Amino acid sequence: MLDLDPETRRALWAQLAEVAEAYWAQVLRLPVSPRWDPEGLRQELESHRFEQPLSPEAVLRWGVERLREHQVHTPHPRYFGLFNPAPTPMGVAAEFLVALFNPQLAAWTHSPFAVELERRLVRWFGAQFGWPEAESDGVFTSGGAEANHTALLLALCARFSEVGRVGLRALRAQPVLYVSEEAHHSLLKAAQVSGLGREAVRVVPVTETLQFDLEALARQIAQDRRQGLEPFLLVGTAGTTAAGVIDPLEALADLAQAEGLWYHVDAAWAGAVALVAEYRPWLKGVERADSITFDPHKWLSVPMGAGLCLSRHPEMLERAFRVPETYMPREAASWGVPDPFARSLQWSRRFVGLKVWFSLMSLGRQGYETAIRHMVAMGHRLRQGLCDRGWALQNATPLPLACVVDPAFAEDAAHHEAIVRELIGSGRAWVSTARLRGHHTVIRACITNYRTGPEDVDALLEALDAARHRVRLGR
Ligand SMILES: *Cc1c(COP(=O)(O)O)cnc(C)c1O
């Protein structure tokens with residue numbers, strides 16, 4: 001019924017392999033971004049009524065053509081975008097196997113190999129960030145947003161042990177948390193959907209260097225305490241999304257400790273530098289965090305859908321996520337092994353760890369060190385090239401992310417948006433605009449692809465110059 005006969009299946013797998021290699025080899029020749037045609041796209045999709053089944057071969061060809069035409073090619077070496085990687089080949093292979101074997105990770109007893117592999121990875125990553133392996137705990141998530149949401153819930157349960165049962169309205173005071181204005185907006189969303197409310201998030205200004213303003217933070221905490229609010233969580237960012245800036249993680253740890261706050265570090269992107277010994281000091285202080293967000297689907301370049309919420313408080317995951325139920329397999333309870341459904345927001349759960357494990361196992365730690373060093377070096381080349389060509393750098397970070405403005409029009413948002421539109425329209429490269437401190441518009445270019453080489457950086461510099469030239473002429 002839903003199956004295919006063996007011959008058709010074999011042909012399908014073979015065709016898949018062909019498609020994969022063709023895309024891999026040819027992506028550089030595609031325009032980085034599509035021409036948008038929402039109407040045409042919708043019409044085409046609506047024209048398929050599913051009344052005439054097509055052959056698997058035709059379906060696959062149809063899908064590949066659409067994917068090729070209608071998406072920003074994040075695996076393109078001239079995509080200088082939003083932390084979306086070119087996936088590792090072994091990561092892609094792992095995703096295929098995961099779909100094929102389709103393990104269910106809700107309960108340990110259904111997928112012992114998968115659950116134990118993820119547990120091992122969680123501890124290994126904890127150790128990379130400087131925690132003792134035995135204390136490291138955590139869960140794989142769909143990404144950084146779910147990881148931040150998870151961390152917020154852990155912090156809340158750590159402070160108010162009964163909150164899961166009695167709810168927020170029974171709390172003795174309104175809980176509040178602290179982020180900088182350059183922190184990721186998923187924390188606002190987490191506060192919104194958890195019922196804390198967005199106003200529970202105290203958004204603290206940043207300094208000239210775009211880092212958490214510690215004095216403003218201390219003032220805000222004191223003021224909130226005077227008003228009878230209950231500070232419970234402080235979030236530092238290692239590698240802000242807009243500017244790639246690392247907060248003063250050590251000083252934030254001191255403050256969290258002095259104030260008795262749960263300390264969360266959002267290292268979704270830049271956490272990867274923990275794998276390289278000479279870059280590890282950039283993250284100094286991260287080892288004092290109570291929880292850490294890290295996204296392997298960013299700098300570790302595994303296919304989308306791989307985040308981690310690490311925590312060094314193992315009991316807190318169960319406190320936050322276990323509910324009474326009657327139908328899950330029981331055997332594991334007496335063995336002291338973890339059941340993921342009782343330790344995370346998800347219930348049925350995909351095997352996320354395999355693509356990370358396969359990539360690490362095949363490339364080795366050294367492979368990643370080499371890739372991360374290469375990307376940092378490309379970042380230096382990019383920064384240098386931009387400055388040489390008269391762009392004014394707006395962020396200070398050793399990470400491969402540059403924010404610039406055209407100095408003659410430094411405060412002119414429309415000018416920079418026009419340059420980016422012009423560049424993207426040319427199909428030669430992809431960059432974005434970002435607003436620093438919520439208002440200062442800059443052009444943002446980030447090295448997100450391990451295949452991006454000097455020639456790609458230089459091509460971006462050329463293309464940016466050309467776009468700036470055309471926009472200036474058009475004024
Ligand atoms: C990307 C990012 C997130 C969100 O992660 P997703 O994987 O997109 O859900 C959170 N925090 C920071 C700092 C990020 O850069």
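**An antiparallel sheet, its helices and aromatic contacts**

Four strands of this predicted model make up an open, antiparallel sheet, arranged in the order S8-S9-S11-S10. Strand S8 (392-393) and strand S10 (432-436) take the edge positions; each has a single partner strand, so one side of each is left without a neighbour in the sheet. At one of these edges, S10 pairs with strand S11 (residues 440-446) in the antiparallel sense over 5 bridges. Within these strands, Arg-435 stands opposite Thr-441 of S11. Helix H13 (residues 413-426) packs on the sheet, where it touches S9, S10 and S11, and its direction makes about 25° with that of S11. Helix H12 (residues 353-388), in turn, lies across S8, strand S9 (401-405) and S11, and runs at about 15° to S9.

Turning to the aromatic side chains, the model contains 10 aromatic pairs. One of them joins Phe-129 and Phe-294, and this pair is edge-to-face because the ring planes stand at 75°, with the centres 5.8 Å apart. The two partners come from distant parts of the chain, 165 residues apart: Phe-129 belongs to the loop between helix H5 (112-128) and strand S1 (137-141), and Phe-294 to strand S6 (residues 291-294). Phe-129 is buried, at 1% relative accessibility, and Phe-294 is buried as well, at 0%. Together with Trp-124 and Phe-125, Phe-129 and Phe-294 form one aromatic cluster.

Charged groups also meet aromatic rings. The charged end of Arg-444 is placed over the ring of Phe-83, 4.9 Å from the ring centre. Arg-468 lies over the face of Trp-391, with 4.2 Å to the centre of the ring.

Notes:
Residues numbered from 1 in each chain as written. Predicted model: local features only at pLDDT ≥ 70, side-chain atom pairs only at ≥ 80, totals over all residues. Heavy atoms only, no water. Phe/Tyr/Trp six-rings, centres within 6.5 Å; stacked < 30°, edge-to-face > 60°. Helix = DSSP H or I, 4+ residues; strand = E, 2+ residues; numbered from the N terminus. Buried < 20%, exposed > 50% of the residue type's maximum accessible area, 1.4 Å probe, protein only. Lys NZ or Arg CZ within 6 Å of the ring centre and 35° of its normal. Pairing = 2+ DSSP bridges. Contact = heavy atoms within 4.5 Å. Axes fitted to C-alpha atoms, helices over the stretch in contact; angles between N-to-C directions.
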